[in-house]
Structures are given as C-alpha cells and as structure tokens.
Amino acid sequence: MSNVSLPPRTAAVIPAAGRGLRLGPGAPKALRTLNGTPMLVHAVRAMAASNAVSLVVVVAPPDDTPAVRTLLTDLALPDRTDVVVVPGGANRQESVRLGLEALPGDVSIVLVHDAARPLVPVDTVDAVIDAVRDGARAVVPALPLADTVKEVEPREGAEKGEPEPVVATPERARLRAVQTPQGFDRETLVRAHAATGGSDGDGATDCAGLVERLGGPVVVVPGHEEAFKVTRPLDLVLAEAVLARRRANDGF
Ligand code: CTP
Ligand code: MG
C-alpha cells in the first residue's frame, strides 16, 4: 500500500437517484431495463470495465437503496472493483455530493458518471482518466453538435405552443454537447461542491460547471455517440438497438 509507484486510486461515483420524469411513468430511471438488464447495471459495468477503476459508488433512489444493494451484490464484477451504495438527494448535485462523502481517503481521482448513460465505451472512460492522470484537474467528454442552438427568452406556456423570442444564435462550431464520465482531481471536485454550498433550485446539471464557477480550468476530450443520455422514450429504443448491434458484432 505504501508503494509510491502505484497509480493514483480512481473511483467512479454514479448518480442514479433521479426519477426519470421525462421517460414517463414507471420505476426510477436507473432501474428501468435495457434488453432485460437495469440501466444501472450497464452503467456500473461500464465503469468497472476500466482497469483503472477500483471502486464504484452508486447513489441510489432513497426508497430503493436496499433493492439496489441486493441487485449489485449479486453482480459479477472484476476482482479489483468494490461497489458501495448510498442513498441520494433531491437533485443531481446533492446526490453527487453524497456520493463524494462515501469515498475512502486513498482515492485521488474521481469520475462522476450518470446512470442514465449506460452504454459509454471503456475507451472514453479511459481517455478521461488518462487526461486527469496527465494533470488536468477537470475533464469532460464532449461532442460537436448536430443541431444549431438558439438562446431564447423562456416562456411559461412554451410546451403548449406559445412562441418564445430568440435572443441569440451561438456559433455552432464553438459549442460542445457534454457527456459523462467527467473526471476530476478529487480535491478540486470536493472544493467545487463545498463552494456551492447547499443546493439551489435544481442544482447543477454538470459537475464541471461547479469547477468553472470557481474559475478552475476545465478541458474537453472527445466523447462518444454511445455515451448519449437516456432521457426520453425514444432513447430507450436507441439504447436497445446499440446493445443489439454490440451483441451481433462481438457476441457480448
Ligand atoms: N440524479 C440523481 N439524483 C437526483 C436527480 C438526478 O442522482 N435527485 C441522476 C439521475 O439518476 C441520472 C443523472 O443524475 O443518472 C442525470 O439526470 P437526468 O438524466 O436528468 O435523470 P432524472 O433526473 O432521473 O430524469 P428527469 O430529469 O427526466 O426526471
Ligand atoms: Mg433530471
């Protein structure tokens, strides 16, 4: 344990405590299945697939914490990987903070990965870890946008069709859609969460944003199409199609 040549210990925190309201009625999103396997199980396996990850902290829906513990205890994972389950909070930021509190002292690199991104490839996970190991304090996988994006003045009745005035059109080539896992030097992330204090409103949707608020440098590395977030019903169809393609390609 005192071997100084060991690489810094890396843990993944998986916020999985959301309801998944945009997915429609049903179980909490992380427990919905993709080809018969809960999304959370796919996400845990995706983190454990990296040789660098030796601990996964799952932040579960509070009411389902015992069920999640049972689910993950029965899971076959590499010997190097421990799993800890803690109950989550009212928004993502709060859930991540609760996950960070469960980290043992020897962890120095932290990934934060949405349970709702169950299919992220291991190469993306490793690329994020490598960038942190190389000295970046906050690393975000991201992709260029397909759609042009407009900033609007949000209106209450927008969902019912009330037009919203356009304020600006940012230059698309300068925009990136960010994914997870986001990787951090542990101290930087803990400091960013502490500085934000209690959760305001919905809390931050992105950990790197908290580091930016502190003025800390955040860098982007290439993300992956398959790291998309399962948010709406159509995303379930896409995720199951990706799994079917993987199975056909490599028998997984
Ligand atoms: N999350 C969490 N705790 C919360 C809210 C969200 O751990 N109180 C997690 C979700 O479980 C998800 C990730 O944050 O893995 C990204 O959030 P999102 O995709 O918005 O999921 P939900 O909040 O569950 O979905 P919705 O916003 O549609 O209700
Ligand atoms: Mg949400």
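Start with the largest pocket, which has a volume of about 980 Å³. Keep in mind as you click around that this is a predicted model. Of the 35 residues lining that pocket, select Gly18, Arg19, Arg22, Arg92 and Lys229, as these are the closest to its centre. Now try colouring the lining by class: you should get 13 nonpolar, twelve polar and ten charged residues.

Next, turn on ligand 1. What space does ligand 1 take? The largest pocket, so you don't have to move the camera. Show the residues around the ligand and you'll have 18 of them, with Pro15, Leu21, Arg22, Ser95 and Lys229 coming nearest. Arg22 and Lys229 should look familiar, since both were also on the list for the centre of the pocket. By class, this shell splits into seven nonpolar, five polar and six charged residues.

Time to zoom in on some polar contacts of the ligand:

- Select Ser95. An N or O atom of the Ser95 side chain sits 2.7 Å from a nitrogen atom of ligand 1.
- Go to Lys29. Here the side chain has an N or O atom 3.0 Å from an oxygen atom of the ligand.
- Finish at Ala116. This time look at the backbone, where a polar atom lies 3.3 Å from an oxygen atom of ligand 1.

Switch to a surface view. How much of ligand 1 does the protein bury? On its own the ligand exposes 570 Å², and the protein buries 86% of that.

Now for the second largest pocket, with about 380 Å³ of space. Its lining has 17 residues, and the ones to select are Leu145, Ala177, Gln179, Phe228 and Lys229, which lie nearest its centre. Lys229 turns up again here, having already appeared by the centre of the largest pocket. Which elements should you highlight for this lining? Strand S7 (138–144), strand S10 (176–178) and helix H7 (233–250) each supply at least two residues. Coloured by class, the lining of this second pocket shows nine nonpolar, three polar and five charged residues.

From S10, follow the chain into the loop that leads to strand S11 (182–185), and stop at Pro181. Is the peptide bond from Thr180 to Pro181 cis or trans? It is cis, with omega near 10°.

For a last stop, jump to the loop between strand S2 (33–34) and strand S3 (37–38) and pick out Asn35. Check the backbone angles there: phi of Asn35 is near 45°, a positive value in a residue that isn't glycine.

Key
Residues numbered from 1 in each chain as written. Chains lettered and ligands numbered in written order. Predicted model: local features only at pLDDT ≥ 70, side-chain atom pairs only at ≥ 80, totals over all residues. Heavy atoms only, no water. 1 Å grid on protein atoms, 1.4 Å probe; cavity = no way out; pocket = protein on both sides within 12 Å on 5 of 7 lines; lining within 4 Å. Points joined across faces, edges and corners; volume = space filled by probe spheres on them. Nonpolar A, V, L, I, M, F, W, Y, C, P; charged D, E, K, R; others polar. Helix = DSSP H or I, 4+ residues; strand = E, 2+ residues; numbered from the N terminus. Near = heavy atom within 4 Å. Polar contact = N/O pair within 3.5 Å; in protein donor to acceptor, adjacent residues only side chain to side chain. Areas by Shrake-Rupley, 256 points an atom, 1.4 Å probe, with all protein chains shown as cover. Sits in = over half its atoms within 2 Å of the grid points.
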